[in-house]
Amino acid sequence: MDMHRYLNATGRQILYSCSWPFYEKLTQKMPDYNNIAKYCNMWRNSMDIEDSWNSILWIVDDFANNQDAHAEAAGPGHFNDPDMLVIGGSGLNVAQSEAQFGLWAILAAPLLMGNDLRKVKSEFRDVLLNVEVIAVDQDPLGKMGKRIFKDSWHGVDGWLRELSNQEFAILYFNRNPRGKKLFKTSLKKMSLPSNHTYDLRDLFLKKHFGHFKVEEEFQVTLPANGVKMFKASSCSLPNNYKHDGL
């Protein structure tokens, strides 16, 4: 616990990353993340990531299973670290890369690249340079998002992160490895405040998706092992406005 004092005493801006909280988990001791947040700017919570889709799934599920403890400790200046981005390596396709990037943004995770920048293909570079998803990750409210539902029948998970300015980031995650999934849902299923109409912007396509009341159903097309990610902004529309719900 002394290291943070020595670093602060230098008078320089230094990011203090701690790995030992995960080592406590290996000894069957649950880390006190709220106490850790007093000393560390970021800390590791799970196994080292590998350049593989199975590794990402393991980390995402580990975070979801422990999300209450993780989310309570996260905030501006102190964040959970699910390990580096492996986008641009050899283990992920583009849809899986968008999934990791979007999920890490929902988790308010540090976006540290673990690739060879000289060899990153343009389609993966486009994922890594998506400023709208980066803006979600770096939202000043600093809250970590949570998995709101796990639809085992359809193989789709729903994640929500509260943002500043009364906005939300919404992510639908298709766990199915083969084929696109047409998924019917509503903002009510995401537990958004009722009696509101929301403008949804698709953050990977970078365009408007539609206006929806919380209870209105709509459909999203999810690529295999991919995501659909939106920013939801509350809006006021005329009473006779035709909404985009089903």
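**Note on loops, strands and helix packing**

1. Alanine 108 lies in the loop between helix 6 and helix 7, where helices (H or I, at least four residues) and strands (E, at least two) are DSSP runs numbered from the N terminus. This is a predicted model, in which local features need pLDDT of at least 70 and side-chain atom pairs count only at pLDDT 80 or more, whereas totals for chains, interfaces and linings use all residues. Residues are numbered from 1 along each chain as its sequence is written, and side-chain values use heavy atoms, with hydrogens and water left out.

2. The phi of alanine 108 is near 55°, a positive value in a residue other than glycine, and most residues other than glycine have a negative phi. Alanine 108 counts as buried because its relative accessible area is 3% (buried means under 20% relative accessible area, exposed over 50%, and partly exposed in between, with a 1.4 Å probe and protein chains only). Lysine 206 likewise has a positive phi, near 60°, and is found in the loop between strand 8 (197-202) and strand 9 (207-213). With 41% relative accessibility, lysine 206 is partly exposed.

3. Helix 7 covers residues 122-128 and includes serine 122, which is partly exposed at a relative accessible area of 38%. Glycine 88 is 34 residues away from serine 122 along the chain, and the C-alpha atoms of the two are separated by 9.1 Å.

4. Helix 4 (residues 53-65) has 13 residues and should span 18 Å at 1.5 Å a residue, which agrees with the 18 Å between its end C-alpha atoms; the expected span is 1.5 Å times one less than the number of residues. At the N-terminal end of helix 4, serine 52 acts as a cap, with a side-chain oxygen 3.2 Å from the backbone nitrogen of serine 55. The buried residues of helix 4 are Trp53, Ser55, Ile56, Leu57, Ile59, Val60, Asp62, Phe63 and Ala64.

5. Helix 4 packs against helix 6 (residues 94-106) at an angle of about 25°, and their axes are 11 Å apart. The two helices are therefore roughly parallel (angles under 35 degrees count as roughly parallel, over 145 as roughly antiparallel, 65 to 115 as roughly perpendicular and the rest as oblique). Here axes are lines fitted to C-alpha atoms, for helices over the stretch in contact, and angles run from 0 to 180 degrees between N-to-C directions. The crossing of helix 4 and helix 6 is left-handed, a term used if the near helix is turned anticlockwise from the far one by less than a right angle, with right-handed used if clockwise.

6. An open sheet of 3 strands has the order 1-2-3 and parallel pairing, where two strands pair if DSSP finds at least two bridges between them. Its edge strands, each pairing on one side only, are strand 1 (17-18) and strand 3 (79-81). Strand 1 is joined to strand 2 (residues 42-44) by 2 bridges in the parallel sense, and serine 17 stands opposite methionine 42.

7. Strand 5 (residues 156-162) has 6 of its 7 residues buried, so it is largely enclosed by the rest of the structure. Strand 5 pairs with strand 4 (residues 146-151) in the antiparallel sense over 5 bridges, with lysine 150 opposite aspartate 157. The hairpin of strand 4 and strand 5 has 4 residues between the strands, and glycine 155 takes a positive phi near 70°.

8. Strand 5 also runs antiparallel to strand 6 (residues 167-174), to which 7 bridges join it; glycine 158 stands opposite tyrosine 172, and glutamate 162 has phenylalanine 168 as its bridge partner. These two strands form a hairpin with 4 residues between them, in whose turn asparagine 165 has a positive phi of about 60°.

9. In strand 6, 8 of the 8 residues are buried, and both faces are covered: Glu167, Ala169, Leu171 and Phe173 lie on one side, and Phe168, Ile170, Tyr172 and Asn174 on the other. Strand 6 pairs with strand 11 (residues 227-235) in the antiparallel sense over 7 bridges, and the partner of isoleucine 170 in strand 11 is phenylalanine 230.

10. Along strand 10 (residues 217-222) the side chains alternate, with Phe218, Val220 and Leu222 buried on one face, while Glu217, Gln219 and Thr221 point to the other and are not buried. Strand 10 is joined by 6 bridges to strand 7 (residues 181-186), and the two run antiparallel; in strand 10, phenylalanine 218 is the bridge partner of threonine 185.

Notes: A polar contact is a pair of N or O atoms within 3.5 Å; within protein, one must be able to donate a hydrogen and the other to accept it, and residues adjacent in sequence count only if both atoms are side-chain atoms.
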